[in-house]
Amino acid sequence: MEQKKLDVVLGLQWGDEGKGKIVDVLTPSYKMVARFQGGPNAGHSLVFGGDSFVLHTVPSGIFRDGTLNVIGNNVVIDPVILMDEIAKIEKRGVNIDGRLVISKRAHLIMPTHVALDAASESAMGKTKIGSTLKGIGPTYADKTGRYGLRVGDILQDNFKALYEERKQRHQMLLGQYPPFELPFNFDEYEKKWFEAVVQMKRFRFIDSEVYVNKALDNGTPILAEGAQGSLLDIDFGTYPYVTSSNTLSAGVCTGLGIAPSRIGKVYGIFKAYCTRVGNGPFPTELFDADGDRLREIGHEYGATTGRPRRTGWLDMVALKYAVMMNGVTDLIMMKADVMDSFDTVKVAVAYKVGKYTVDCFPYDGGKDATPIYKEFPGWKTSLSGLTRYEDFPEAFRRYIDFIEAETHCKVSIVSLGPDRDATVMR
Ligand code: IMO
Ligand code: MG
């Protein structure tokens, strides 16, 4: 029997590729959208009708009527951030009742996890990861350390005791760190945290792996929404400057309880250039006027932390690696319009490392690599408002053709602006 498969949307770079917008655009073809990993370190921006919204924990299908949204088992949840987000969504007049379910197996980010994140980053000084300080690393560390607190635990009579036990352990750890500044008032946050935990109970806590598999059996079209990017993957990213989970398509299996054979299309999103927020290797990073132009024209400031993003040229070495690791079936190209005024557009096709030329993404993330560039003449015209590939300027089509030839993958969607409507389907 032909099995119904689940499609995936994920980022191929260092995050912020535009996953929120694309999930929102694709959602009308799906009945269910599921987040499979990451937590409120994510900031998914959606723009419609001149209005914008940033989602951190809630799947980006929430703004489309009739779509069910699932928070899967490998998502880490800060109840305060989740309930704050819910309040904002409802303020927009969106009815969320019965449209959001949460895995009982998802882990909770505790206030002490957030404190541990701050303590760890502060102690690392110059070598810090540049984390979003949302408690992601310590929460996943507790999960693999088998000391986590899960959504299902909220329904247990001894929840408070479980919390206290973990809190005490965290306090012991915090005592080991050199003095650091806590960026929030702990007692206030903890009070809000417990209030939010109670509020969370209005959503169904479910065995999402069973729920999602049964939905697939019944022929429900499901889209899995990635967070962060492939180069931030804990195993294959630019370690240790990564997040603490598997962001790749393989993470869909463990993050939702889906067998590998049930994964269908893998939509890989990339910007026509590169950005990175936080520390770590970034071979094609620009420190010149072109880099500043990418940041200003592209509004490259973090949706979660407001930090200016580092900017650089498209990196084909890294992109090909991400396409391979994810088994990308369809590429989605974002924000080429940001480079409308550029005379020349560059793409790194290999790295020079010492006396060697390397065209495969190295284990150290290209820390000492000097990119070798291929140059393309800019299209020097506005792409905005274009709706058909045939109408794209020749120079821009050549850029796309090159990417397709290098990755052996079709660019199926070209996004030319933040709004839902600025999307060209091929
Ligand atoms: P979306 O889903 C961009 C980065 C942080 C830092 C590293 C580790 O919006 O694409 P963490 O808080 O996870 O411990 O931080 O990962 N990072 C992101 N960068 N977009 C994101 O999410 C990110 N989530 C985490 O800046 O370098
Ligand atoms: Mg983002």
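Let's start at R295, which sits in helix α9 (residues 289-297). This is a predicted model, and the notes below go from that arginine to a pocket, a magnesium site, some backbone oddities and a few buried spots.

**R295 and its surroundings**

- R295 counts as buried because its relative accessibility is 16%, and the cut-off for buried is under 20%.
- The R295 side chain gets to within 2.8 Å of a backbone oxygen, the one belonging to R309.
- Setting aside residues up to four places away in sequence, R295 touches E300, Y301, P308, R309, R310 and T311.
- R309 thus turns up in both roles, as the residue whose backbone oxygen is reached and as one of the residues touched.

**The second largest pocket**

- The volume of the second largest pocket comes to about 530 Å³.
- Three elements give two or more residues to its lining: α1 (19-26), β3 (44-48) and β4 (51-55).
- In total, 28 residues line the second largest pocket, and G18, S45, G298, K335 and P418 are the ones nearest its centre.
- Strand β3 provides the largest share of that lining, with four residues.
- Sorted by class, the lining has 10 nonpolar, 10 polar and eight charged residues.

**The magnesium site**

- Which protein donors does the magnesium ion (ligand 2) have? They are D16, through OD, and G43, through its O, and they lie 2.1 to 2.3 Å from the ion.
- D16 belongs to the loop between β1 (6-11) and α1, and G43 to the loop between β2 (32-35) and β3, so the pair ties together parts of the chain that are 27 residues apart in sequence.
- Is G43 buried or exposed? G43 counts as buried, at 13% relative accessibility.
- D16, by contrast, is partly exposed, with a relative accessible area of 23%.

**Backbone oddities**

- The peptide bond running from Y239 to P240 is cis, with omega near 5 degrees, and P240 falls in the loop between β10 (222-229) and α8 (250-256).
- K380 isn't a glycine, yet its phi is positive, near 50 degrees; you'll find K380 in the loop between β18 (370-377) and α11 (394-407).
- H408 also has a positive phi without being a glycine, this one near 55 degrees.
- H408 is placed in the loop between α11 and β19 (410-415), and counts as exposed at 75% relative accessibility.
- R146 comes just after α4 and takes a positive phi of about 65 degrees.

**Helix α4 and strand β6**

- Which residues of helix α4 (residues 136-144) are buried? They are I136, P138, T139, Y140 and D142.
- Those buried α4 residues pack against β6 (76-77), β8 (107-108), α3 (111-124) and α5 (159-176).
- From the β6 side, V76 lies in that strand and is buried, with just 1% relative accessibility.
- V76 touches I136, T139 and Y140, along with G38, G39, P40, H107 and I109, once residues up to four places away in sequence are left out.
- V76 and G38 are 38 residues apart in sequence, but their C-alpha atoms are 6.1 Å apart in space.

**The loop between β10 and α8**

- S245 is in the loop between β10 and α8, and S249 lies in the loop between β10 and α8 as well.
- S245 counts as buried at 3% relative accessibility.
- Beyond its neighbours within four places in sequence, S245 is in contact with Q37, G38, N74, Y140, L232, D233 and I234.
- G38 and Y140 link back to the previous topic, as they are among the residues V76 touches.
- How many residues separate S245 and A141 in sequence? The answer is 104, while in space their C-alpha atoms are 9.9 Å apart.
- S249 is buried too, with a relative accessible area of 8%.
- The contacts of S249, not counting residues up to four places away in sequence, are L10, I263, V266, M325 and N326.

Key:
Residues are numbered from 1 along each chain as its sequence is written. Chains are lettered from A and ligands numbered from 1 in the order in which they are written. This is a predicted model: local features need pLDDT of at least 70, side-chain atom pairs count only at pLDDT 80 or more; totals for chains, interfaces and linings use all residues. Side-chain values use heavy atoms; hydrogens and water are left out. Buried means under 20% relative accessible area, exposed over 50%, partly exposed in between (1.4 Å probe, protein chains only). A polar contact is a pair of N or O atoms within 3.5 Å; within protein, one must be able to donate a hydrogen and the other to accept it, and residues adjacent in sequence count only if both atoms are side-chain atoms. Contact means heavy atoms within 4.5 Å. On a 1 Å grid over the protein atoms alone, a cavity is a set of points where a 1.4 Å probe fits but cannot get out, and a pocket is an open set with protein on both sides within 12 Å along at least five of seven lines; lining residues have an atom within 4 Å of a point. Grid points are joined across faces, edges and corners, and a volume is the space filled by probe spheres set on the points. Ala, Val, Leu, Ile, Met, Phe, Trp, Tyr, Cys and Pro count as nonpolar, Asp, Glu, Lys and Arg as charged, and the others, Gly among them, as polar. Donors are N, O and S atoms within 2.8 Å of the metal (3.2 Å for Na, K and Ca); water is not among the atoms, so sites may look incomplete.
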